[in-house]
Amino acid sequence: MLIKLNVNHKVHDVEVDPADMLLDVLRHLGYKSVQRGCDTSNCGLCSVLLDGQPCLSCSTLALRAEGQLIETIEGLTAEVERVAACLAGEGADQCGYCSPGLILSTIALKRTHGELASLLDDPAINRYLMGNLCRCTGYVGQTRAIRRYLAAPVEITPAELTKSIQQDVVVNPRPIAHPEARARQNLRSVGHAIEKLDSRAILHGKPVYTDDLAVPEALVIKILRSPHAHAYIQSIDTTKAAKIPGVELILTWADVPQTRFTLAGQSYPEPSPYDRLILDREVRYVGDEVAIIAADSERTALKAMRMINVHYDVLPAVLTIDDALKGDVLVHQADHLVFNLPQHVGLHDIAHNVMGAHSQQFGETDESIFASCDVVLERTYQTQAQAQSMMETFRSFSYLDQWNRLVVITSTQVPFHIKRQLALALNIPSGRIRVIKPRVGGGFGAKQTSVTEIFAAIVTIKTGKPAKIIYTRQESYMASNSRHAIRGTVKLGASRDGIIRALTLDALSDQGAYSLHGWTTLGLVGEKSLPLYNKLEYARFDAKVIYTHKMPCGAFRGYGATQGAFFIESIVNELATVLKMDPVDLRLKNIVHEGEHTLAFNKEILSSALDRCIIKGKQLIGWDEKFPFREMENGRVRAVGMAISMQGSGIANIDTSTVKVQLNESGDFSLLMSPTDIGTGTDTILTQMAAEVLNTSLKNIIPVVADTDITPYDPGSYASSGTYVTGRAVIAACEDLKRQILDMAAQRFELSRQAIDLGDGVIIQLDSSLEIQLRDLAQKLTSGPNAQTLSGTGSFGGKTSPPPYMAGFAEIELDRATGQCRVVDYVGVVDCGRVINPNLARLQAEGGIVQGIGLALYEHVRYGKRGQIATNSFLQYKIPTRADIDSIKIEFEESYEPTGPFGAKSIGEIVINTPAPAIADAIYQATGVRLYELPMLPEAIWQATQIKPNAQT
């Protein structure tokens, strides 16, 4: 039927079906700021204003909107810019996928309260905006920005508003000792809170994400999935489905290549075994792919999917690691697996479903040292599977270009790895494939795994037509990947004076059905936890990763270090109780220090401010006044707990990045690089580094990123490698170009090479006040018979992975009568080396801490008895909302990492690791009972207080 929709005061005549939702109609009309995020009206990404009131367009019929004014951010440019100025100035846009909905709700908030809006406090703001979810920022940065917007006088312009924002991030520099640190104290770009280069585009809802770039005529792909945890497909009948008008293609296991591969986005040779096909006749978890349907519309594809008839032979399934280890039922047969690691390295044992294992020992030759320890503790802990829950679900769009090459535009963290996977799985040369990463709406490790790319690619290859696939929130939860659930047993031996002499860690990791990052993630459980304590005489790490018939587990921020931190920090906190020592003092007595070589995993520590992080965090939380607990007048109890953590910066001896930078004919620079900014601000941070080396303004540098045809190889956004690994490559490339520019300037203008230097858009003559415009040199170079374009290339592959450090302090309020626990204050003090961009670093820390709070208290991927995921929407899977988060304080204690760019280390992952063990100890201080399993739900806390405390002995 034909209706009229008034969108931003422009009337559209639209032909709609009575069931069409307003969201779909608006996107079809070109209003790309309106995004889909949840399918259950729970995230706020699809918010528009309907006659001035916030409306969820994903659950509003288009028919209902007729006769009303629909407002999107495309039609509110001036007011949107005022909100955007505050968000961008704070750095609180990050991936930006949720920003349009948040901005519209914020504008409605101000309209509703008028002049009184400036009086609203944070709880009132958060209550109004509670339906606008964000997974990146941790909310507190957004709230700071929104408070500024609400309080700003109308007459202040957005530009003035941006300038008025106080950059209040506290960065405590270390005493300058290293000569390189001393030489680079006063920098013009590095170390400054510079707004993200793409903030305005994403905050104004520009079409920058994968689905925004897909052509309207693209085929729509849907996947038929297995309802069984383990089954063999006896037959598939697609006859009726294929006859439906508009159905272009249906593929089953018989129609796809039979080459095995892995979807793990890891450097070559891949440590994950090749254990899957595009479609397999044997399905191994509820949600495994059975058939691919491509049609001219989503409605047609779904209709066809319902008409496919599959006959399954249902087989026994193993849903726990204990059952899997028995080997009675195998998830994979040994004859169809390809292991890329030799047996003596990977230690696989397929007869018992062991995908891989680790076995490492340090120091003394055996565990006899425990007999001489005054205190010996042994505890078993369990961490749960956690879903990444980024706001933009998995999606890909593909087409054939003018050369008949496959082009895949996809929301990924690893474009070069995707290219390699597609070439292997589709049996086509990699030179026939181009992968482009647009703006990514969050990833947190989930998109280090290929999920949708192969389906779009094979449809385009088979049909020659553009195709796209967009996972629903339900599919993202049930058929992608999550954090590994790991059971860890820790044994600790210590002397009475608090010296930790021995630590062992045994771990079993639930991999799920396929080999996504299982072996490498498990390795970091030990490698990023045991070296924190360096008075050790003995350490051991033994662990196995085990196939089960569940959704595969993959990369998630923290990548094993998160689980290891919970195991080790929990037992160290318990040791403090046994010894009647302050947990702060116990750690200061045992931690690794700068200049030391660790016993566990043999790490040379060239930079560390961990001791200063602990001391500063203790001060900020008010530890001496609050530890261990305080009874409150409302009958509740407040208590504090702490933890420390380490991570890495790239993968030593594996990750290698290459960057190119060129001098353009106009005198500015193009920076070609391939790290994938997923909201972290990597593009901006690396451009800051380039500007520093080239001594120019950021506006003179054009970043060109993540296109496998144009930009050089980079491993992608994972392992906290962007700042450290790619940063070193940026510096090398820019130094190479700078040298060439000065050499050429000296030659062309007949100047002494030693008497010139590079300035902002000019070549400076050091012995006079004369300057040569850089564009003059560029123009001379790009014309005439000897024309050339100067370009610099830099590569970096580190032999080390210098660890950042963090100390986290949690204050909780707990109701003993119900077990309800709330984090009322969290202090995080981070050593990430030199802080390149303080605002972006703080937002990274705040967002990671909130994800860690979710891990600690309520996030949990839960399964039913038959292997089906029970937490397949935001209704069942609980991520923190802005109403759940109170105070978060972040400070930085800088160290100087001599191997890092400008002394920097990583920050992206470490920030998620400390909340769970810190909160667990605060719960102990409040209740007298220790919890050994995550998440620590209210019922678990209450039940633990009703039984004998400390059940483990």
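A disulfide is a pair of cysteine sulfur atoms within 2.5 Å. The structure examined here is a predicted model.

**Exercise 1. Cysteines**

Determine how many disulfides the model has, and examine Cys 95 and Cys 98.

Solution.
- Step 1. Under the cut-off of 2.5 Å, the count comes to zero disulfides.
- Step 2. Cys 95 is in no disulfide, its nearest cysteine sulfur being that of Cys 136, 3.6 Å away.
- Step 3. For Cys 98 the closest cysteine sulfur is in Cys 134, at 3.9 Å, which is too far for a bond.
- Step 4. Check the burial of both residues. Cys 95 has a relative accessible area of 3% and is buried; Cys 98, with 6%, is buried as well.

**Exercise 2. Strand S18**

Describe where the side chains of strand S18 (residues 467-470) point, and state how S18 is joined to S7 and to S15.

Solution.
- Step 1. In a regular strand, side chains alternate between the two faces of the sheet.
- Step 2. Apply this to S18. Ala 467 and Ile 469 point to one face and are buried. Lys 468 and Ile 470 point to the other face and are not buried.
- Step 3. Take strand S7 (residues 219-225). Two bridges join S7 to S18, and the strands run parallel. Val 220 stands opposite Lys 468 of S18.
- Step 4. Take strand S15 (residues 395-400). Four bridges join S15 to S18, and here the strands run antiparallel. Ser 396 has Ile 469 of S18 as its bridge partner.

**Exercise 3. Helix H26**

Compare the span of helix H26 with the expected value, and decide whether the helix is enclosed or not.

Solution.
- Step 1. H26 covers residues 915-927, which makes 13 residues.
- Step 2. From first C-alpha to last, H26 reaches 18 Å, close to the 18 Å expected at 1.5 Å a residue.
- Step 3. Of the 13 residues of H26, 12 are buried, so the helix is largely enclosed by the rest of the structure. Among the buried residues are Pro 915, Pro 917, Asp 921, Tyr 924 and Gln 925.
- Step 4. Just after H26, Gly 928 takes a positive phi of about 85°.

**Exercise 4. Aromatic pairs**

Give the number of aromatic pairs, then classify Tyr 285 with Tyr 514 and Phe 541 with Phe 601.

Solution.
- Step 1. The count comes to 16 aromatic pairs.
- Step 2. The ring centres of Tyr 285 and Tyr 514 are 6.4 Å apart and the planes are at 75°, so this pair is edge-to-face.
- Step 3. Locate the two residues. Tyr 285 is in the loop between strand S10 (282-283) and strand S11 (289-295), and Tyr 514 in the loop between strand S20 (500-512) and helix H17 (518-527). The pair thus links distant parts of the chain, 229 residues apart.
- Step 4. Tyr 285 is buried at 1% relative accessible area, and Tyr 514 counts as buried at 2%.
- Step 5. Phe 541 and Phe 601 have ring centres 6.4 Å apart and planes at 55°, so the pair is tilted.
- Step 6. Phe 541 lies in strand S21 (residues 538-547) and Phe 601 in the loop between helix H19 (583-590) and helix H20 (610-621), so the pair ties together parts 60 residues apart in sequence.
- Step 7. Phe 541 counts as buried at 0% relative accessibility; Phe 601 is buried with 12%.

**Exercise 5. Charges over rings**

Which rings lie beneath Arg 483 and Lys 550?

Solution.
- Step 1. Arg 483 lies over the face of Phe 556, 4.1 Å from the ring centre.
- Step 2. Lys 550 lies over the face of Tyr 863, 5.1 Å from the ring centre.

Technical notes
Residues are numbered from 1 along each chain as its sequence is written. This is a predicted model: local features need pLDDT of at least 70, side-chain atom pairs count only at pLDDT 80 or more; totals for chains, interfaces and linings use all residues. Side-chain values use heavy atoms; hydrogens and water are left out. The expected span of a helix is 1.5 Å times one less than its number of residues. Buried means under 20% relative accessible area, exposed over 50%, partly exposed in between (1.4 Å probe, protein chains only). Two strands pair if DSSP finds at least two bridges between them. Rings of Phe, Tyr and Trp (its six-membered ring) pair if their centres lie within 6.5 Å; planes under 30 degrees apart count as stacked, over 60 as edge-to-face and the rest as tilted. A charge sits over a ring if NZ of Lys or CZ of Arg is within 6 Å of the ring centre and within 35 degrees of the ring normal.
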